[in-house]
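Reader: Hi! I'm new to this one and would love a quick tour. Could you put it up on the screen first?
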Amino acid sequence: MLIKIPFASACKESDVTPESIYLSRRAVLGASLAGFAFSALPSWAQAADPSRYPDVEAGKPPGWFSDKLTSTKWQAVTVQNEAITPFKDATHYNNFYEFGTDKGDPAQNAGSLKTEPWTVVIDGEVAKPGRYALEDFMKPYQLEERIYRLRCVEAWSMVIPWMGFPIAALLKQVEPTAKAKYIRFETLQDPKTMPGQRSGFALIDWPYVEGLRLDEAMNPLAILAVGMYGRELPNQNGAPLRLVVPWKYGFKSVKSIVRISLVSEQPKTTWQSISANEYGFYANVNPTVDHPRWTQARERRLPSGLFSPNIRPTEMFNGYGEQVASLYTGMDLRKDY
Ligand code: MTE
C-alpha cells in the first residue's frame, strides 16, 4: 500500500460538507454524549429519514433490507464535531483488490459482483454451525446505524454511517464452544466476477482472510455491516456483508464475507501473509507505532486536495480508546502491532 501525504493546513468541516448535511449533523451530534452514545436520542432522530443523506445514489435494495428500515435504530452511535464523508468519496476511493488496485477500480469494476443469491457459512468451534441464505442469516438482527471513523493503514481516513449489527449478537446465536478463541472471516473467491483474482497480481493468496480475537469480536463497537448512508452496501464497499472494526486499520474490515469460522488458533490473515513486519494481526490504529515506510502520527481526512489537504493527528485506537483499550491491558502494542 503506497501513500503520499501532502502538507498540513487548516480545513473547517463546513468546507467539506454540503451546508444542509453539515447543519443537520450539528443538531444531531449535539445530542450525543462524549462523542459516543448508544441510543438515548430524541424520537425524531430514530425515524428513517430519506433526506438525511441527500448526496446518496439510490440502490436496488433486496426485500429483506427494505423490511428492516422501519425498525432500524438510526444514529445509535455517532462521532462528535466531525463531518460525514460525502457518499461520492466513500464509494469512489476504495480498497477492494478483488476489483483492481487503483482507488477508482472497485467503483468501476465491482458491478460484476453478484450479491443475490448470497450464502454465508458458519462453521468451526460452534454448537450451531450452518449454511444460510443471507436473508435468513439476517433474520434475527435489528439494524443499527453506526457512524464511525474509518482509518486506513495508508494514512487516509473518512467518517462513514454504516448500518449493521454487533458481532456479539451473532455469537450469541451460534454459541461458540470453549475451544473457540478467534473468529476468522473469508471473502468470496470467484475469479469469474472478480477480475483482480484472475489478474497477474499474485501478491494475494485468495480468498482475502481476516480475523479477530474472540473478546475483540464481542466488543459492542465491532459490527457486521450490510448498509451505509441509509441504503444497502454498494458493491465496491463490500456488499452484501462486511466487517467494520473502527479502532483498527481498515484492512481488518474484510468485505463480501461468505464464511465465518470460530477457531482455536490465531488465523493467518491476508496482509500478514504478504508482509508480516508491516501489517500485524492486531492492526490497532496507533499514532506512536509507525509503518516501516511512513508515519502513522497523522492522517488525511477525505475529501482532501492540494489547497485543503485536511491533515489531522491520528488518535490512539482511532478515538475509541475508552471503549477498547482494556482489551489490550498488559500487551506491548509495539510488538503486537
Ligand atoms: N476486503 C477485501 N476482500 N479485499 C480488499 O482488498 N481492502 C481493505 C478492506 N477490506 C480489502 C478488504 C482495506 S485495505 C481497506 S482500507 C478497507 O477495506 C477499505 O474499505 P472501503 O473501500 O469501503 O473504504
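Author: Happy to. One term before we start: a polar contact here is a pair of N or O atoms within 3.5 Å. Also keep in mind that this is a predicted model.

Reader: Got it. Which polar backbone atom is 3.2 Å from a nitrogen atom of the ligand?
Author: That backbone atom belongs to Asn95, and the 3.2 Å separation falls under the definition I just gave.

Reader: And what do the oxygen atoms of the ligand have by them, say from Asn237?
Author: Asn237 places a polar side-chain atom 3.1 Å from a ligand oxygen. Arg242 also takes part, with an N or O atom of its side chain 2.7 Å from an oxygen of the ligand.

Reader: How much of the ligand does the protein bury?
Author: The protein buries 100% of the 530 Å² that the ligand exposes when taken alone.

Reader: Wow, okay. How many residues surround the ligand?
Author: There are 18 of them, and the closest are Asn94, Tyr97, Glu98, Arg242 and Lys255. By type, that shell splits into 9 nonpolar, 6 polar and 3 charged residues.

Reader: Where does the ligand sit, then?
Author: In the largest cavity. The volume of that cavity is about 330 Å³.

Reader: How many cavities are there?
Author: The count is 3 cavities of 30 Å³ or more.

Reader: Back to the largest cavity: what lines it?
Author: Its lining is made up of 25 residues, and those nearest the centre of the cavity are Asn95, Phe96, Arg242, Gly250 and Lys255. The lining has 16 nonpolar, 6 polar and 3 charged residues.

Reader: Which strand gives the largest share of that lining?
Author: Strand 5, residues 156–166, with 4 residues.

Reader: Changing topic: what about the backbone, where is the peptide bond from Glu116 to Pro117, and is it cis or trans?
Author: That bond is cis, with omega near -5°. Pro117 is in the loop between helix 6 (105–109) and strand 2 (119–124).

Reader: What joins Ala239 and Pro240?
Author: A cis peptide bond, with omega about -5°. You'll find Pro240 in the loop between strand 9 (231–232) and strand 10 (242–244).

Reader: One last thing: what is the phi of Asn81?
Author: Asn81 has a positive phi of about 60°, although Asn81 is not a glycine. To spot Asn81, look in the loop between strand 1 (73–77) and helix 5 (87–92).

How values were computed
Residues are numbered from 1 along each chain as its sequence is written. This is a predicted model: local features need pLDDT of at least 70, side-chain atom pairs count only at pLDDT 80 or more; totals for chains, interfaces and linings use all residues. Side-chain values use heavy atoms; hydrogens and water are left out. A residue is near a molecule or strand if one of its heavy atoms lies within 4 Å of it. A polar contact is a pair of N or O atoms within 3.5 Å; within protein, one must be able to donate a hydrogen and the other to accept it, and residues adjacent in sequence count only if both atoms are side-chain atoms. Accessible areas come from the Shrake-Rupley method with a 1.4 Å probe; for residues, only the protein chains shown count as cover. On a 1 Å grid over the protein atoms alone, a cavity is a set of points where a 1.4 Å probe fits but cannot get out, and a pocket is an open set with protein on both sides within 12 Å along at least five of seven lines; lining residues have an atom within 4 Å of a point. A molecule sits in a cavity or pocket if more than half of its atoms lie within 2 Å of its grid points. Ala, Val, Leu, Ile, Met, Phe, Trp, Tyr, Cys and Pro count as nonpolar, Asp, Glu, Lys and Arg as charged, and the others, Gly among them, as polar. Grid points are joined across faces, edges and corners, and a volume is the space filled by probe spheres set on the points. Helices (H or I, at least four residues) and strands (E, at least two) are DSSP runs, numbered from the N terminus.
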